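The following paragraphs offer a guided reading of one protein structure. They treat charged pairs, cysteines and enclosed spaces in turn.

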Amino acid sequence: MNKTCTQCGSVFTQDADELKLYEKFQVPPEELCFKCSQMGRLAFRNERVLYNRKCDFTGEQIVSIYSPDKPYKIYSAKAWHGDSWDGMDFGRDFDFNRPFFEQFKELQAEIPRLALINMKHENSEYCNMTVGNKNCYLVFGGDMNEDVQYGTLCMHNRDSLDIDVSNRNELCYFMNDSHDCYGCQYTFDSKNCTNCYFISDCVGCEECILCTNLVKKKYCIGNKQLSKEDYFARKKEMLTGSRKRMNEIFEIFLKLRANRKVKNYHGMNTENCTGDYIQNSKNCINSYNIDNSEDLRNVLFGVETKDLFNCTYIGHKSEVNYNMMATFTASHSKFS
């Protein structure tokens with residue numbers, strides 16, 4: 001069935017399987033296209049803009065996603081999770097003669113808000129939308145990292161810097177959409193690589209520089225095979241440790257990457273999945289950046305999830321959810 005998005009005016013399709021999901025969750029079909037639906041949820045997520053302000057409960061100076069001029073009551077994590085206040089104290093009768101969202105807005109303005117969503121961390125105060133990080137700084141939406149700085153949506157990494165949407169890497173720098181790598185720098189859309197520099201769309205490579213679209217190669221520069229001795233001699237000449245030299249090589253790499261063969265689909269170990277950047281998953285339709293998940297539809301970023309529909313940034317054992325945003329270990333929920 002074709003529909004017209006009430007927000008942007010584009011025409012989109014809701015097929016029979018999607019309409020069955022609306023029936024399953026007992027909600028009316030969306031009037032928004034996929035893009036506008038995702039934008040509506042993302043409007044509620046300030047992920048990486050932090051402010052200094054005071055906790056409205058203790059008066060101590062804290063880091064928060066809310067600036068001091070915002071009208072909300074903001075509590076530190078310790079105060080918000082503590083037993084010194086009760087959310088039920090803010091209860092009020094619902095007025096059926098007034099609009100729901102008007103009253104919901106008033107309730108939101110009164111109930112204390114958590115300064116940051118940064119749970120079970122150790123020495124990682126400047127992180128947000130995160131769980132289980134240790135010795136991390138400015139990591140956003142990334143969990144279970146240790147000794148990581150400047151990362152977004154990165155999971156289970158160690159001793160790494162400037163990594164985005166990359167998981168299970170160690171001793172890596174400046175990477176995007178790369179997984180299970182060790183000692184790599186300037187790495188994009190690659191997996192299981194070791195000691196590689198300026199690579200894109202490579203799998204299982206070791207000691208390669210300025211390479212694209214290689215699989216299980218070793219001692220290559222510019223997609224050309226070298227002897228071990230020649231490779232390390234040229235590597236020493238190229239990677240001098242100079243920032244100027246690295247910038248020059250990066251410019252060469254960008255031109256090389258622009259001419260690479262681009263995969264139509266970045267997926268691995270998937271069954272009946274559509275979208276992109278999906279790993280170890282099954283029955284994920286029109287979904288993106290998905291890992292170890294099953295039975296998803298219209299989902300943007302899901303990790304270890306099952307039975308999600310129209311959701312954004314969901315992870316860690318969440319199941320049977322509709323129209324959810326930035327949740328984990330949540331089940332059987334709607335409109336969160």
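In this predicted model, Glu47 counts as buried, at 6% relative accessibility. Its salt-bridge partner is Arg48, and the closest N and O atoms of the two residues are 2.7 Å apart. Arg48 itself is partly exposed, with a relative accessible area of 48%. This salt bridge therefore joins a buried residue to a partly exposed one.

Side chains of opposite charge can pair when their charged atoms come close. A search of the whole structure finds 23 salt bridges. Another of these is formed by Lys70 and Asp69, whose closest N and O atoms are 3.7 Å apart. That separation falls within the 4 Å allowed for a salt bridge, so the pair is counted. Lys70 is partly exposed, with a relative accessible area of 37%, whereas Asp69 counts as exposed at 63%.

A further salt bridge links Arg158 to Glu146, with 2.9 Å between the closest N and O atoms. Which parts of the chain does this pair tie together? Arg158 belongs to strand β11, which covers residues 158–164, and Glu146 belongs to strand β10, which covers residues 146–152; the pair therefore ties together parts that are twelve residues apart in sequence. Both residues are partly exposed: the relative accessibility of Arg158 is 36%, and that of Glu146 is 22%. Salt bridges that share partners also join Asp15, Glu18 and Arg297 into one network.

The cysteines come next. How many disulfides does a search of the whole structure find? The search finds zero, and two cysteines illustrate the point. For Cys184, the closest cysteine sulfur is that of Cys181, and because the two sulfurs are 4.6 Å apart, they are too far from each other for a bond. For Cys284, the closest cysteine sulfur belongs to Cys273, at 4.4 Å, which is likewise too far for a bond. A disulfide would require the sulfur atoms to lie within 2.5 Å, so neither the Cys184 distance nor the Cys284 distance qualifies. Cys184 is buried, with a relative accessible area of 0%, and Cys284 also counts as buried, at 0% relative accessibility.

The enclosed and open spaces complete the picture. One cavity of 30 Å³ or more is found in the whole structure, and the largest cavity has a volume of about 190 Å³. Its lining consists of 18 residues, of which Asp177, His179, Tyr277, Gln279 and Asn289 lie nearest the centre. The elements that give two or more residues to this lining are β19 (275–285), β20 (287–291) and β21 (294–303). By character, the lining residues of the largest cavity divide into seven nonpolar, six polar and five charged.

The second largest pocket holds about 260 Å³ of space. Its lining includes Glu60, Gln61, Ile62 and Val63, together with Ser76, Ala77 and Lys78. Also among the lining residues of this pocket are Ala115, Leu116, Asn118, His121 and Glu125. Two or more residues of the lining come from each of β4 (61–64) and α3 (77–81), and β4 gives the most, with three residues. The lining of the second largest pocket divides into five nonpolar, four polar and three charged residues.

Definitions and conventions:
Residues numbered from 1 in each chain as written. Predicted model: local features only at pLDDT ≥ 70, side-chain atom pairs only at ≥ 80, totals over all residues. Heavy atoms only, no water. Salt bridge = Lys/Arg side-chain N within 4 Å of Asp/Glu carboxyl O. Buried < 20%, exposed > 50% of the residue type's maximum accessible area, 1.4 Å probe, protein only. Helix = DSSP H or I, 4+ residues; strand = E, 2+ residues; numbered from the N terminus. 1 Å grid on protein atoms, 1.4 Å probe; cavity = no way out; pocket = protein on both sides within 12 Å on 5 of 7 lines; lining within 4 Å. Points joined across faces, edges and corners; volume = space filled by probe spheres on them. Nonpolar A, V, L, I, M, F, W, Y, C, P; charged D, E, K, R; others polar.
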